[in-house]
Amino acid sequence: MKEKFGFAPNTDEASRQAFVASLKKFVNFDVEAQLADLFDNQLVSAANSPPANRDEAAALLEPHPLYQLWSSLTFHSQNLMWDAVQTTTDRTIEDQVESYRALSQSPDCKGSVSLSDKLCVKAPVATTEIHRQPGGYWREKRSDDIEAALNYSGTVDLYRNAKGMGMGAKPSADAIGQFVAAIARKYAPDLEPRSVLDMGCGTGEQTLAYKRAFPDANVTGIDVARPFIRFAHGLAESEGMAIDFAEMDAGATAFDDESFDLIVSIIMFHETTKAQVHDIMRECWRLIRPGGLVLHLDVPYQPDRMPLVKQVTNNWQVRHNGEPFWSGFADLDMKEEAIKAGFAPDSAFATYEGQGPAIYHFFGGRKPS
Ligand SMILES: C[S@@+](CC[C@H](N)C(=O)[O-])C[C@H]1O[C@@H](n2cnc3c(N)ncnc32)[C@H](O)[C@@H]1O
């Protein structure tokens, strides 16, 4: 194995990526604050009647040069982000693929990776370059490819911190997973999970947190993006952790009924569709054991807690920044979705939890013992 497995920028690349992070933070905080001030103190008072919904608010904002500047800065800083991580990936990809092969073929392999040629990846992951990541989550350019995963992994903390959704000043790579594990303990203090399923595990950094939090449990991560599943497996093996990864749709898994004590996900649902939300919640009800906990984390952009101007900028992300289901997800009542899937009204929940500067939407339910 030639170098450490994973996204590894050199000093110049890290500096450029830090510049993009600062630019994105400036746009997301300073420019958006100016936009809110313009909206609240000038546009609403000059309007014939106050806007009643996000479409009416958008009609007030869209002609204004400050909104157009915000939109242009958001779009181009996203392009800069992908350019900046691609430089690192281009420099390291051949060595990284070689490292992946060495790790996955090692006789000391602790976990497993399972890929399925039968999986049919659905929209929007199949049809959209999510976050406008060039090639999307699943493009493969070479055998055993992990390029899409390296690029995604290189942007995660940059993007989350610039959105104010990081876990504090110097977070570890698995900080959000640790947060979910802590919330699982808070909601089900008596639960000692023997088996954990991480749905939409992506590049696997957070899946590692569940093995660290519940070392005696069998931990499994599933995702529809093949380069991500390979990368997650390589990452776990590089850390000497026994985790099983499989290419699988969370709405139609191959697991037996009642296979897991704890089912979790991190920001997967807002990258699905309304139909997939129903399928995945029903699958959670089928897969969770009596006494087990289903606990999902996703974006906290529900309209009842967002000012109109934020609803407009979020909806811009839907139309122009590769976030097709952001508003659609936020419009859903996830407690209702859990109840429709089978959870009893008094055990289903949809709430908010915060840590550091971040607040996230948590939803799911507990199956009676
Ligand atoms: C924003 S990423 C989050 C990844 C990871 N949980 C993390 O926190 O870094 C969402 C992930 O959900 C996956 N995903 C979307 N729809 C899915 C589905 N129906 N089944 C399994 N994974 C899915 C995507 O491929 C992507 O890796």
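Which residue in E8 stands opposite tyrosine 352? Keep that question in mind while opening the model, which is a predicted one, and begin the tour at the strands.

Select residues 348–355, which make up strand E7, together with residues 358–366, which make up strand E8; the two strands run antiparallel and are joined by eight bridges. Within this pair, colour tyrosine 352 and look across to E8, where histidine 361 stands opposite. Then follow the chain through the turn: E7 and E8 form a hairpin with two residues between them, and glycine 356, which lies in that turn, has a positive phi of about 55°.

Next, select helix H1, residues 11–46, and helix H4, residues 147–162, whose axes lie 8 Å apart and meet at an angle of about 25° as the helices pack. Because angles under 35 degrees count as roughly parallel, H1 is roughly parallel to H4. Looking at how these helices pass one another, one finds that the crossing of H1 and H4 is right-handed. To see the contact itself, show the side chains of Gln17, Val20, Ala21, Lys24, Lys25 and Asn28 on H1, which meet Leu158, Asn161 and Ala162 on H4. Sorted by class, the residues of this contact between H1 and H4 are four nonpolar, three polar and two charged.

Finally, select the ligand and display the 22 residues around it, of which Gly200, Gly202, Ala250, Ile266 and Met268 come nearest. Colouring the shell around the ligand by class would show 13 nonpolar residues, with six polar and three charged residues making up the remainder.

Definitions and conventions: Residues numbered from 1 in each chain as written. Predicted model: local features only at pLDDT ≥ 70, side-chain atom pairs only at ≥ 80, totals over all residues. Near = placed C-beta within 6 Å. Nonpolar A, V, L, I, M, F, W, Y, C, P; charged D, E, K, R; others polar. Axes fitted to C-alpha atoms, helices over the stretch in contact; angles between N-to-C directions. Helix = DSSP H or I, 4+ residues; strand = E, 2+ residues; numbered from the N terminus. Parallel < 35°, antiparallel > 145°, perpendicular 65-115°, else oblique. Left-handed = near helix turned anticlockwise from the far one by under 90°. Contact = placed C-beta atoms within 7 Å. Pairing = 2+ DSSP bridges.
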